[in-house]
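Welcome! Here is a guided walk through one protein model, written for someone meeting it for the first time. Please keep the picture open as you read.

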Amino acid sequence: MEKKLVLDVHDKPRPLEWLALSAQHVLAMFGATVLVPMLTGLPVSLALLSSGIGTLVYILLTKAKAPIYLGSSFAFIAPIITAAGIGGQGAVTGGLVMIGVVYCIIAVIIKLIGSDWVHRLLPPIVVGPTVIVIGLSLAPTAVSMASGHVAVALITLLAAILVSTYTKGLFKLLPVFSGIIVGYIASIFFGLVDFSHFGNVGLISQLDFSFLNAAPIFNLEIAGIMVPIAIVTIAEHIGDVMLLSDILGRDLTKIPGLHRTLAGDGIATALAGFIGGPANTTYGENIGVVGLTKVASVWVMGGAAVIAILLGFVGPFNAIIQTIPTPVMGGVSILLFGIIASCGARVMINHKVDLSQERNLIIASVILVVGIGDLAIDLGPLNFSGMALAAIIGILLNLLLPKHSKKME
């Protein structure tokens with residue numbers, strides 16, 4: 001039985017309603033999508049552009065039956081920085097294209113034999129600790145950014161927490177955006193905002209696309225850095241699709257099918273690499289907006305995508321983004337990265353993972369220490385480290401350890 005929606009997937013809202021609803025989704029994804037390129041050194045304008053284009057591609061490949069917005073993925077922050085240090089933008093592009101290919105290969109396998117094997121490969125005891133590693137491994141970055149001016153960082157953090165805790169409705173879904181606004185205003189009073197970026201800004205930005213300047217680099221070293229993280233983001237994707245299915249009252253893993261949603265996500269990520277943006281992923285914030293408003297129209301998601309694309313070309317908007325002080329982004333990063341880690345714990349809690357079982361405790365412990373400790377191993381030309389190595393070891397332990405083990409005393 002389908003749940004009641006204000007606007008269903010193919011319902012077209014009135015023009016002003018369409019604009020307002022689309023803007024809500026842009027605000028929901030704004031903080032996180034802007035933060036990722038700022039941390040990785042990629043242009044914010046290209047991140048917005050690739051996010052919008054990726055969402056439109058996703059809508060097309062899912063036959064406009066899955067109202068999901070794609071934004072910049074936090075999971076690939078460290079791999080992108082590492083790959084860029086090895087081979088520049090060409091390495092980042094090549095890595096993101098390879099990730100897209102992996103998504104598409106898995107989508108084809110799911111189409112042919114179903115998705116049960118994915119759940120066996122990535123059970124909650126593997127996914128939960130790996131997600132925790134993603135959040136905690138980024139913690140030093142957040143603290144470093146906040147340390148530039150701790151007062152501003154704390155004001156930003158406090159504003160985001162208050163909005164998340166004490167507001168209601170749609171505003172409650174915008175803590176990151178609200179924190180940035182409050183932190184930015186505080187930064188002006190502290191004299192931290194550099195308005196020199198507005199000196200020679202034109203109305204239209206001239207975007208520096210990656211495919212015009214750097215040929216993609218495809219090699220085993222880059223693959224070893226980037227591709228293993230897809231294990232985690234695929235699990236994240238499946239979780240988001242299942243959550244949206246519950247909101248809509250229909251199973252999106254069957255219609256349009258998990259193979260289509262994964263392929264759309266993967267191709268969007270590959271396109272993002274060519275454009276010059278970070279990897280894309282399904283956004284829980286935007287699914288939250290759908291759950292709150294009961295507006296599941298793909299017209300609205302498409303409208304948000306078009307707005308994001310247009311913002312990527314607006315010179316003054318991109319100049320404003322460049323003036324956001326680092327401590328402001330540090331303040332929201334403390335909350336965001338902490339939430340990522342907490343979501344990993346929530347995965348295990350929701351699935352009632354029993355950590356008194358010796359098997360589960362061993363898997364979780366090894367993943368956490370290997371990932372947070374950034375253990376690395378070289379296998380010929382391949383280098384596996386941190387999150388990637390933790391995820392691989394977690395999968396192997398899950399497959400090799402006996403399913404029934406004694407309880408820890």
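Which residues form one aromatic cluster? F30, F177 and F317 do. Before we look closer, a word on the source: this is a predicted model, in which local features need pLDDT of at least 70, side-chain atom pairs count only at pLDDT 80 or more, and totals for chains, interfaces and linings use all residues. Residues are numbered from 1 along each chain as its sequence is written, and side-chain values use heavy atoms, with hydrogens and water left out.

**The aromatic cluster**

A pair of aromatic rings is described by the distance of the centres and the angle of the planes. Here, rings of Phe, Tyr and Trp (its six-membered ring) pair if their centres lie within 6.5 Å; planes under 30 degrees apart count as stacked, over 60 as edge-to-face and the rest as tilted. Searching the whole structure turns up three aromatic pairs. One of them joins F30 and F177 edge-to-face, at 5.5 Å centre to centre and with 80° between the planes. This pair links distant parts of the chain, since F30 lies in helix α1 (residues 15–40) and F177 in helix α8 (residues 175–189), 147 residues apart. Helices (H or I, at least four residues) and strands (E, at least two) are DSSP runs, numbered from the N terminus.

F30 also forms an edge-to-face pair with F317, at 6.0 Å centre to centre and 65° between the planes. Again distant parts of the chain are linked: F30 is in helix α1 and F317 in helix α14 (residues 315–322), 287 residues apart.

How accessible are these residues? Buried means under 20% relative accessible area, exposed over 50%, and partly exposed in between (1.4 Å probe, protein chains only). F30 counts as buried because its relative accessibility is 9%. F317 is buried too, with a relative accessible area of 19%, while F177 is partly exposed at 23%.

**Helix α8 and the surface**

On the surface, I155, I181, V182, I185, F189, F190 and L192 form a nonpolar patch with about 630 Å² of accessible area together. Patches are made of residues with over 30% relative accessible area and no salt bridge: like charges are joined within 9 Å, and nonpolar side chains (Val, Leu, Ile, Met, Phe, Trp, Tyr) within 5 Å. Accessible areas come from the Shrake-Rupley method with a 1.4 Å probe; for residues, only the protein chains shown count as cover. Helix α8 gives the largest share of the patch, four residues.

Is G183, a residue of helix α8, buried or exposed? G183 is buried, because its relative accessibility is 0%. Leaving out residues up to four places away in sequence, G183 touches V152, T156 and V328, where contact means heavy atoms within 4.5 Å.

The table sets G183 beside three other residues.

| Residue | Place | Relative accessible area |
|---|---|---|
| I185 | helix α8 | 45%, partly exposed |
| G183 | helix α8 | 0%, buried |
| S50 | helix α2 | 2%, buried |
| S73 | loop between β1 and α3 (77–113) | 1%, buried |

Two of these rows are serines with contacts of their own. Not counting residues up to four places away in sequence, S50 touches A272, I275, G277, P278 and N280. With neighbours within four places set aside, S73 is in contact with V36, T233, A279, N280 and T281.

**Charged side chains**

Which residue forms a salt bridge with D8? The partner is R250, and the closest N and O atoms are 3.0 Å apart. A salt bridge is a side-chain nitrogen of Lys or Arg within 4 Å of a carboxyl oxygen of Asp or Glu, and the structure holds one. The pair links distant parts of the chain: R250 sits in the loop between α10 (230–248) and α11, and D8 in the segment before α1, 242 residues apart. R250 is partly exposed, with a relative accessible area of 23%, and D8 is partly exposed at 26%.

K12 has its charged end over the ring of W299, 4.6 Å from the ring centre. A charge sits over a ring if NZ of Lys or CZ of Arg is within 6 Å of the ring centre and within 35 degrees of the ring normal.

**Backbone details**

Most residues other than glycine have a negative phi, and most peptide bonds are trans. K63 has a positive phi of about 55° although it is not a glycine, and K63 is in the loop between α2 (44–61) and β1 (70–72). A64, also with a positive phi of about 55°, is in the loop between α2 and β1. The peptide bond from I255 to P256 is cis, with omega near 10°, and P256 lies in helix α11 (residues 253–275).
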